[in-house]
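Trainee: Could you take me through one part of this model up close? I'd like to look at the place where the two domains meet.

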Amino acid sequence: MSQKMATRHAIAETLLKIAREDARIVVVTSDARGSAGIEGFFRELPERTVEVGIAEQAAIGVAAGLALSRKKAYVFGPACFYSARGFEQVKNDVAYTGSNVKVIAVSGGVSYGPLGSTHHSLHDIAALRAIPGIDVILPSDALQATAITQMLVESEKPAYVRVGRNPIPVIYEPQSRFEHGKGVLLREGKEVAIIATGEVVWHALEAAQLLLEVGVNATVVDMPFLKPFDQDLIVEIANRHERIVTVEEHSIYGGLGEVVLHCLAQGPSCSVKIIGIPDEYPITGTQAQVYAHYGLDSRGIQNAVLDFLQRMG
Amino acid sequence: MKTLMKKAIQLRMDLLQMIHRANSGHTGGSLSSVDILVALFYRVMRIDPTRPLWEERDRFVLSKGHSVEGYYAILADLGFFPKEELERYCRLGSFLTGHPTRKVPGVEVNTGALGHGLAVGVGMAIAGKMDSKPYKVYVLMGDGELGEGSVWEAAQVAAHYGLDNLVGIVDRNRLQISGYTEEVLRLENLAEKWRAFGWEVVNVDGHDLERLVGTFEKVPILAKKPHLVLAHTVKGKGVSFIENKKEWHHHVPSEEELRRALEELNRQLEELENDVSKDGYKTCNC
Ligand SMILES: [Mg+2]
């Protein structure tokens, strides 16, 4: 886990590579070329880009119109705006209409750190999952983001892909393979299973390492697809573990934790602890500081697991 | 032209019956927009009911999705789907929902939430430019709809990209659900607003089929500019007791009201039949 890369850059670079061959790919953005890392696309394939200015609603609507004209439309911009300001367009023009638009929502969660809650998107999993007809995906590293970008190009279905802003460790191998709608068992342990999504997955892996040092052997599962959700894998994990800890850069309401609980309500009994952002506007600080404050980093996950095991003990 | 005028009256009768049967619908706005739809669908647009997704087709987006009854009646009349389905409008399981969806052959995009259609039309128009396809994109908006900020976002994008293959149409019936547009929230000067946003604006009587067809056929009047047809209409047009009454925005005609309305429209049909002055102008091939 020494190499680091921002997932948003992995997506932008992969898409440009594919777009050189696939003329149907077009990119729409709302004055977010820099933050989305798509200047390269704009430079190299300007005739296949649409800049709409600071107007997220227009960006999604225009993308839907392009998609309905047989384009593969990619909208790049901040998650906070596309999951809120442009939400009705995502619901109606994209998901309900069934137009092949992929929303690449960058700088998600608390990536913008001290900029505050206007710029955070801690509700997007809950909001997007409640709309039929759109996949909800949170890649956990640059290599997975690359593989998912390839997957998106081959699918005609709408998707909302939430990525972060900052470089994060690469946890997969270039030859790692991913399946649409499937979770990934990263580490097989036994006392507890840590299930995570998005850019906190590497923290979960690190936490497992820390836990091993104190004699706890944790399973780690990466769930990039929040929708469709790999319920079978969760049930299987619950069958083999008495305790599950979920970790997500999202509100504790309506996110991964609740989705896992939903699976378990119909399956094996298992104690679950949800680590996420509580029902409050987060404290001011960098993303790393906010993670630490709410226990989303490796140290916080480790402590929560130990506490959980002791309490359940 | 007479055939076209008769068609518009017939469609008014159809849509009133649909609304009555379904006990649901938007009477006033459907009646005000019928002539615009008739001009587009029977005379102006290049479409093929046997190939709804034909790539060269002209695109139509009903941004004021609530005026759906006349739209469905036209699509059925043109053969996009069997006419019998109109009787199931809004019924359990019918694909004819109270706002248009792509389940209906001929419908391009699911609408109903106001302020969405223009941006989608802009995307279609940009795609047409990218692919050097000659099709045009028509987007019909309500006047009350122009309160949505997203309309003006899309208007800016259209002007920026010089989309002369895009025609916005405003059904300017001066009413919205709670009253006169100018009292609810002033819209005027609408023509100046659109001009200021970089659009070429044309005013037209939205019930004069000959003028409507003539206007649409002139597009593009100016290269590199999107076009806005400000169609001045009467909400509830065609039925005296429905015209200009805000209550009829989504009031459903009762048995008796339907009877009186159909009587009026039948009378108009007869008068038209006997009016030789409307004969002769361009034979309609519909
Ligand atoms: Mg109106």
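Mentor: Here's a walk through that interface, with the ground rules up front. This is a predicted model, so local features need pLDDT of at least 70 and side-chain atom pairs count only at pLDDT 80 or more, while totals for chains, interfaces and linings use all residues. Residues are numbered from 1 along each chain as its sequence is written, chains are lettered from A in the order in which they are written, and side-chain values use heavy atoms, leaving out hydrogens and water.

Chain A splits into domain 1 (4-169) and domain 2 (184-311), with bounds from an automatic or database domain assignment. Their C-alpha centres sit 26 Å apart. Counting heavy atoms within 4.5 Å as contact, 34 residues of domain 1 and 30 residues of domain 2 take part.

About 2400 Å² is buried between the two domains, 59% of it from carbon and sulfur atoms; that's the accessible area (1.4 Å probe) both parts lose on being put together, summed over both. On the domain 1 side, A:Val110, A:Leu122 and A:Arg129 supply 26% of the buried area, more than any other three residues.

Now the polar side: there are 20 residue pairs in polar contact, both at pLDDT 80 or more. The rule wants N or O atoms within 3.5 Å, one able to donate a hydrogen and the other to accept it, and residues adjacent in sequence count only if both atoms are side-chain atoms. Among the elements of domain 1, H7(A) gives the largest share of the touching side, four residues; helices here are DSSP runs (H or I, at least four residues) numbered from the N terminus.

How values were computed. Helix = DSSP H or I, 4+ residues; strand = E, 2+ residues; numbered from the N terminus.
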